[in-house]
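Hi,

Here is the structure I said I'd pass on. Have a look at it first, and then read my notes underneath.

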Amino acid sequence: MGGSFSSRPPPPSPLLSAPWRRINWSDNHSTLQYVKAYQPETEDQVIRILLHGLVGSGKSSFINSVESVLRNRMCIPALVGNATQDCFTREYKTYTFKTGNQGTFPFVINDIIGLKNNCSRGNRNNHVKDVKRVMKGHVKDGYIVNPNAKISKDDRFYKPTPSANDKVHVLVFVIDANKWSLMNEKALEALDDIRDEAKLLDIPQVAILTKIDEVCPEIQKDIKNVYKSKELKEKMEKVSGAVGVPMNCIFPVKNYSKELDLDSDTDALILSALKPILDFGNDHLNKRYA
Ligand SMILES: Nc1nc2c(ncn2[C@@H]2O[C@H](COP(=O)(O)OP(=O)(O)O)[C@@H](O)[C@H]2O)c(=O)[nH]1
Ligand SMILES: [Mg+2]
């Protein structure tokens with residue numbers, strides 16, 4: 001056949017030649033120290049971080065991952081759901097993190113049950129109203145969320161006059177990197193509504209993109225490929241456009257979910273999200289955005 005070698009060009013690499021964002025992979029100790037040494041500008045200030053998003057997006061797993069990184073061992077303070085059972089806690093809960101010397105870190109994470117992708121309009125509206133009240137500091141720890149009614153002003157878990165510490169100082173939108181495109185339009189609108197309220201309250205917002213280990217084989221093989229993966233970068237750009245969070249406020253993470261031992265690269269990525277979350281929360285608490 002005339003020796004026509006059809007030399008097809010090799011398929012393009014799924015990886016960029018250089019990462020587009022730098023992470024201190026080997027030196028996560030300094031980021032850990034930064035987080036551990038964080039001190040509020042005024043005594044008694046506590047940064048309140050609120051996670052919101054769809055059910056199953058990885059909110060509870062992120063809390064467990066943060067606790068694990070801080071304690072340098074696997075910890076599971078928050079109940080994690082699984083794919084087959086609807087065993088998600090309905091309790092609005094504040095997670096504190098213990099320091100080594102009997103104290104707690106000056107930041108807390110609040111977990112509220114996520115929005116179901118295809119729940120009813122009524123459930124959606126109640127969820128949005130509850131989260132708005134949470135952001136303003138009106139909801140006390142331990143409130144059991146009722147999807148069929150927003151928290152009432154007469155409820156014993158309703159706080160009529162919240163303090164600065166009760167209010168949310170940074171809102172974190174938790175998004176499953178593999179499912180965000182399947183998000184129901186109405187659910188997206190409800191989450192938009194929550195984010196609009198955060199804007200009105202000048203609460204800074206970030207997004208974390210979870211389950212990046214399931215995005216592509218390259219990241220599954222080595223999490224250090226996170227900022228080299230073309231597929232993940234494309235996903236982040238799409239998420240940024242769709243939910244209106246700028247790229248520099250989106251942090252991809254892999255939560256601890258299956259493994260028994262910690263891994264310093266997984267830690268580094270969790271810390272790379274936690275550090276700016278604390279910085280932005282601190283800025284808001286000290287009214288730098290107002
Ligand atoms: N592979 C992987 N699975 C995750 C990750 N984060 C969470 N999961 C799993 O996703 C499911 C839902 O997580 P969960 O934290 O309960 O979500 P929540 O409803 O937002 O609190 C659980 O089965 C977790 O083990 C991740 O980064 N990677
Ligand atoms: Mg949960």
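Let's start at the ligand, where the side chain of Asp213 has an N or O atom 2.8 Å from a nitrogen atom of ligand 1. Keep in mind as you read that this is a predicted model. Glu214 also takes part: one of its polar side-chain atoms lies 3.2 Å from a nitrogen atom of ligand 1. With Asn255 it's the backbone, which has a polar atom 2.7 Å from an oxygen atom of ligand 1. How much of ligand 1 does the protein bury? Taken alone, ligand 1 exposes 590 Å², and 89% of that is buried by the protein.

There are 19 residues around ligand 1, and the ones that come nearest are Gly56, Ser61, Gly81, Asp213 and Asn255. Sorted by class, that shell holds nine polar, six charged and four nonpolar residues.

Now for the sheet. It's an open one with six strands in the order 2-3-1-4-5-6, and the pairing is mixed. At the edges you'll find strand 2 (93-95) and strand 6 (250-252); each has a single partner strand, so one side of each is left without a neighbour in the sheet. From one strand to the next, the twist averages 25°.

If you'd like one pair to trace, try strand 4 (residues 170-176) and strand 5 (residues 205-210), which pair in the parallel sense over six bridges. Asp176, for instance, has Thr210 in strand 5 as its bridge partner.

What lies across strand 1 (47-53)? That's helix 7 (residues 264-285), running at about 120° to strand 1. Helix 7 also lies across strand 3 (107-111), strand 4, strand 5 and strand 6.

One last residue to click on is Thr94, which sits in strand 2. Its side chain and that of Arg48 are joined by a polar contact of 3.5 Å. Leaving aside neighbours within four places in sequence, Thr94 is in contact with Arg48, Val108, Ile109, Asn110 and Asp141.

Shout if anything is unclear.

Cheers

Definitions and conventions
Residues numbered from 1 in each chain as written. Chains lettered and ligands numbered in written order. Predicted model: local features only at pLDDT ≥ 70, side-chain atom pairs only at ≥ 80, totals over all residues. Heavy atoms only, no water. Near = heavy atom within 4 Å. Polar contact = N/O pair within 3.5 Å; in protein donor to acceptor, adjacent residues only side chain to side chain. Areas by Shrake-Rupley, 256 points an atom, 1.4 Å probe, with all protein chains shown as cover. Nonpolar A, V, L, I, M, F, W, Y, C, P; charged D, E, K, R; others polar. Pairing = 2+ DSSP bridges. Helix = DSSP H or I, 4+ residues; strand = E, 2+ residues; numbered from the N terminus. Axes fitted to C-alpha atoms, helices over the stretch in contact; angles between N-to-C directions. Contact = heavy atoms within 4.5 Å.
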